[in-house]
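Colleague: Please take a close look at the enclosed space inside this model, and then follow the parts around it as far as they lead. I would like one connected account, with the terms explained as you go.

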Amino acid sequence: MRFSDATKIAVTLHVNGRPVAAEVEPRVTLAAFLRDHLDLTGLHVGCGHGVCGACAVLMDGLTARACTLLAVAAQGARIETIEGLSDRGALRALQRTFAEHGALQCGFCTPGMLLAAHELLAETPAPSPAQIREALSGVICRCTGYGPIVDAVAAAASESPPAEPRPDGLPSADAPPSDAPPSQTPPDEGAPS
Amino acid sequence: MSGRAAPGLRWPRLLTGRGRYVADLAVRGAREAAFVRSPHAHADIRGVNVAEARAAPGIDAVFLHDDLAAVLRPWRGSHGLFPDLAAPEQTALARDRVRHVGEPVALIVGESRALCEDAAELVAVDYAPLAAVTGPEDAVAPEAPTLHAEAPGNVCLERAVRSEGLEQTFRDAALTVEATFGFGRHTGVPLEPRGLIAAYDAAEGRLVVHHSHQCPAAMQDAFAQLLGLEERRVRVICPDVGGAFGIKQQVYADEMAVVAAAVLLRRPIRFLADRLESMASDIQARHHVVRGALAVSAEGAIRAIDVDDIHAIGPYSQYPRSSAGEGRAMLSLSGAPYAMAAAGARTRAVFTNLGMSGHYRGVGHPIAAAVTEGLVDLAARRLGEDPWAFRRRNFAPYDGAPRTSALGVAFEPLPFAACLDALEAGGRRARLDAWRRDARARGVLAGYGIAAFVEMTTRGPGFYGDGGVRVSTRDGCTLRLEPSGAVRGASSVTEQGQGVETAVAQIVADALGAPLDQVEILTGDTAVAHHGGGTWGSRSLAVGGHAAWTAARRLRAEILEIAGALLQTDPAALDLQGGAVRDQDGAPRIALSELAALCHFQPHKIPGERQPQLTASAAFGPLDAPFRAGCGVQLSAVEIDPETGLVRAVDHVVAHFCGAVVNPLLVDGQIKGGVVQGLGAALSEELAYDADGQLLSATLADYRVPMAPETPDIEVLHVERPAGAADDNDDAPPRFIGVGEAGTAGASAAALNAINDALAPRDAALWRIPATPARVLAALGAIGD
């Protein structure tokens with residue numbers, strides 16, 4: 001049987017807060033569905049094999065690679081894209097510090113970087129540079145050399161008020177009690193020079 | 001010059017998911033495209049059967065070579081300055097032979113990419129495989145198969161420069177050091193793959209191409225030439241471009257096939273390369289084997305350098321620039337930072353059955369720097385001398401006088417010593433030595449190394465123009481004053497993230513005394529911009545910025561003249577600042593918006609019966625100077641795990657001289673980004689092919705670009721133009737030197753020297769990059785080669 005003969009499958013899901021119902025071929029990726037069916041072109045397909053991270057979306061509150069998920073696998077899921085997160089102001093601090101630090105050039109990886117940073121800060125409000133780099137380890141940037149992105153995430157983290165609450169409602173790992181002094185960032189292995 | 005860290009003009013859109021890359025554009029009625037590509041590195045095509053594919057669901061057409069030949073002619077990457085450069089004819093689709101894995105054979109156009117790929121699987125090609133040439137030494141071996149009858153020995157171009165008495169200089173030298181360097185095959189991996197949408201209107205003979213590309217004017221010319229269209233009826237528009245680095249600089253066979261198909265089909269066709277086909281078909285670069293030698297006196301003075309370079313290109317000379325570029329860098333830049341009496345350089349560009357070759361950020365600079373700096377470190381080590389002091393003694397003097405290098409290249413004086421001073425400042429070496437000592441005490445192989453580099457920017461017309469290559473080294477800018485007092489303009493520079501569009505807007509704002517948010521610059525559309533060079537070779541700001549500055553000063557002059565007439569004041573006593581015409585003491589006399597509205601809607605109110613033009617245009621390009629040089633010294637520190645051979649870059653510093661800085665955020669961005677690409681080349685990136693020419697690094701999981709955790713913090717030190725230089729004269733534009741390739745030019749050289757410093761206590765050395773764990777362990781003798 002040819003792929004093109006396959007019966008379409010009905011999917012229902014939420015995208016950026018709105019219910020969506022569609023019929024999709026089984027082989028359509030979530031990335032293609034969001035981009036081509038819903039015109040949400042903010043996520044980018046840089047590789048199609050789950051390595052570069054530019055296709056990041058939030059799926060039920062956690063980052064996911066839309067290029068390696070099938071649309072049918074998103075049945076019943078709550079999807080947020082860069083557009084949705086941006087429009088509801090969830091990325092405001094990061095977007096500002098990214099601009100201030102030159103944390104983007106061509107912009108193709110930027111949605112992936114912003115979503116990875118957003119997820120990090122929700123769990124770890126005061127990350128060390130090493131923790132930031134680790135959190136960004138799933139997104140390729142070919143333009144900036146990463147340093148400005150790390151600086152931008154650190155700058156956003158150091159701003160009050162505290163970061164977005166975790167999607168699962170649990171307290172953040174490093175969140176200090178409300179009357180404690182600002183948390184110390186863990187000492188990092190400094191560069192030798 | 002303001003030197004302000006203004007944010008990129010496109011960033012508000014790009015930060016909110018509102019980018020408009022080629023894949024995001026909606027063109028009514030556009031069809032999609034997929035290719036049948038060769039699975040063989042070298043094979044005859046005995047036959048192709050497309051009947052089943054043509055009948056597949058949703059397919060408009062299947063094109064083979066002969067189908068396109070009616071509208072598209074073949075091309076040759078020849079060069080008028082090198083009449084003996086072998087430039088075999090290349091076609092968009094293979095005709096009777098394929099010469100690299102991934103070469104396009106058939107083009108499928110249809111309703112969706114998925115359906116086109118389905119149909120591609122139904123195309124039957126009968127291949128008769130041939131022996132393949134798979135590397136630089138492979139290509140010149142006596143028994144190597146010959147790719148093209150017109151290129152015996154697979155040589156595309158061979159050139160050599162040799163000083164008088166070079167052999168004698170080496171014989172007389174107290175010390176000669178030698179090494180054979182190997183450089184892996186690299187590609188730029190812009191995160192947005194290549195793509196275009198081609199739309200042809202047969203009624204008007206009009207072609208519009210939305211193209212992820214660096215050089216829309218050059219592509220406009222190429223489309224007109226190769227398709228026999230009137231140039232004025234061809235328009236190329238570059239939307240947001242997700243990185244380029246030289247990979248999107250040239251003519252591609254698959255892209256030409258799509259445009260030809262659009263002409264034949266008379267429907268818009270969109271082609272978006274996916275990453276798998278990009279890895280096989282994007283241009284590749286930097287694949288060299290270089291034998292190098294340095295002759296040194298007993299007092300540690302460099303006497304001569306001699307390099308013999310083989311550059312493995314792909315099966316064709318690149319078009320339109322030809323494949324002379326990387327070899328030319330070896331002939332110009334080997335030994336460039338140093339004074340020496342004699343030098344020799346030989347380069348051979350050789351055809352292989354590996355992927356198509358082209359220009360990737362730096363174009364030969366990284367190779368020349370790594371060879372030169374590796375030999376310099378080797379000499380210093382043999383003499384038991386500090387490599388920094390050795391370099392100081394031997395740098396070409398910065399005494400204001402231009403010099404001609406031993407290879408015959410004229411260089412402006414370059415402040416290498418000042419760059420080295422900047423690296424040494426603040427006790428950095430003491431900290432590095434302490435770190436190295438501590439790391440070694442922990443059983444880690446640790447080392448640091450430096451590399452001096454020259455960056456040839458802002459090329460003049462003597463290479464391409466005089467070579468009959470239709471690539472412009474000029475750019476232009478047109479500005480006009482709108483009724484609101486805002487300035488709107490078009491520039492022929494192009495933007496792929498480096499920020500040149502923003503820098504041009506800053507230059508215009510500065511020259512007009514206007515707030516930056518009152519300046520709007522459009523780039524990337526050949527219908528409105530000058531025919532310009534676009535972005536390549538670290539030139540767009542130096543050239544396009546100069547044109548923008550000149551246009552802005554012309555507009556300013558007219559504005560002040562009109563203001564002078566209105567205010568009955570000598571224009572020379574007026575200034576333009578902060579959106580208003582002012583007295584010299586800053587008192588506002590008339591808002592620019594008021595003046596503009598008057599000119600547009602009530603021009604009769606201006607004394608003197610004037611016709612306000614309020615439009616200014618300027619174009620600029622270098623004339624006599626073949627290039628403008630930037631320079632610097634890079635420092636790399638690495639740790640190597642002796643058990644696994646894994647090399648980790650832990651620190652990197654660039655001391656850089658680049659002339660006037662318009663926007664330090666953008667300049668640093670270019671250097672840092674370039675450094676990381678250079679580190680990738682040194683440590684992990686390699687397009688690996690097997691003995692049959694099969695591409696093994698077929699995905700981003702295999703072609704390993706640096707990721708955030710393995711990338712060090714990069715420090716950039718700007719070395720200012722030393723005093724005494726002509727500068728900051730209102731009647732002349734600031735002296736811009738390009739910067740885009742500075743990072744890549746020296747980073748892998750510095751990393752290689754750091755690696756060898758780390759290996760030195762084990763009496764081991766490595767002269768091949770990338771320095772993969774296997775290669776490092778082999779150098780340590782821990783595993784066999």
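Modeller: The helices and strands named below are DSSP runs (H or I over at least four residues for a helix, E over at least two for a strand), numbered from the N terminus. This is a predicted model, in which local features need pLDDT of at least 70 and side-chain atom pairs count only at pLDDT 80 or more, while totals for chains, interfaces and linings use all residues. Residues are numbered from 1 along each chain as its sequence is written, chains are lettered from A and ligands numbered from 1 in the order in which they are written, and side-chain values use heavy atoms, with hydrogens and water left out.

A search of the whole structure finds 10 cavities of 30 Å³ or more, where a cavity is a set of points on a 1 Å grid over the protein atoms alone at which a 1.4 Å probe fits but cannot get out, and its lining residues have an atom within 4 Å of a point. The largest cavity holds about 770 Å³ of space, a volume being the space filled by probe spheres set on grid points that are joined across faces, edges and corners. Its lining has 49 residues, and those nearest the centre are B:Gly537, B:Ser538, B:Arg539, B:Gly740 and B:Glu741. Two or more lining residues come from each of α10 (325-333), α15 (500-512), α16 and α18 (664-683) of chain B, and α10(B) gives the most, with four residues. By class, this lining comprises 21 nonpolar, 22 polar and six charged residues, where Ala, Val, Leu, Ile, Met, Phe, Trp, Tyr, Cys and Pro count as nonpolar, Asp, Glu, Lys and Arg as charged, and the others, Gly among them, as polar.

Two of the lining helices lead on to other features of chain B. The loop between β14 (302-312) and α10 of chain B is the place of B:Pro320, and the peptide bond that joins B:Tyr319 to B:Pro320 is cis, with omega about 10 degrees. The loop between α10 and β15 (342-350) of chain B holds B:Tyr338, while B:Phe395 lies in the loop between α12 (387-394) and β16 (403-404) of chain B, so the pair that these two residues form ties together parts 57 residues apart in sequence. The rings of B:Tyr338 and B:Phe395 are stacked, at 5.4 Å centre to centre and 10 degrees between the planes. This is one of the 12 aromatic pairs over all chains, which are counted when ring centres of Phe, Tyr or Trp (its six-membered ring) lie within 6.5 Å, with planes under 30 degrees apart called stacked, over 60 edge-to-face and the rest tilted.

Helix α16 (residues 540-567) of chain B, for its part, lies across β22, β23 and β24 of chain B and runs at about 125 degrees to β22(B); contact here means heavy atoms within 4.5 Å, and angles run from 0 to 180 degrees between N-to-C directions of axes fitted to C-alpha atoms, for helices over the stretch in contact. These three strands make an open sheet in the order β22-β23-β24 (chain B), with antiparallel pairing. In this sheet β22 (574-577) and β24 (588-591) of chain B stand at the edges with a single partner strand each, so one side of each has no neighbour in the sheet. Neighbouring strands of the sheet are turned by 30 degrees against each other on average, direction ignored. Strand β23 (residues 580-583) of chain B is joined to β24(B) by three bridges, strands being paired if DSSP finds at least two bridges between them. Within that pairing, B:Ala580 stands opposite B:Ala591 in β24(B).

For comparison, the second largest cavity contains about 120 Å³ of space. Among its 15 lining residues, B:His100, B:Tyr252, B:Ala253, B:Ser281 and B:Met356 lie nearest the centre, and the lining divides into seven nonpolar, five polar and three charged residues.

The largest pocket should be kept apart from these cavities, since a pocket is an open set of points with protein on both sides within 12 Å along at least five of seven lines. Its volume is about 1,700 Å³, and its 48 lining residues include A:Ala32, A:Asp36, B:Arg113, B:Ala114 and B:Arg270, which lie nearest the centre. The lining takes two or more residues each from α1 (30-37) of chain A and from β1 (31-37), α4 (113-120), β12 (269-272) and α9 (275-281) of chain B, and it divides into 22 nonpolar, eight polar and 18 charged residues.
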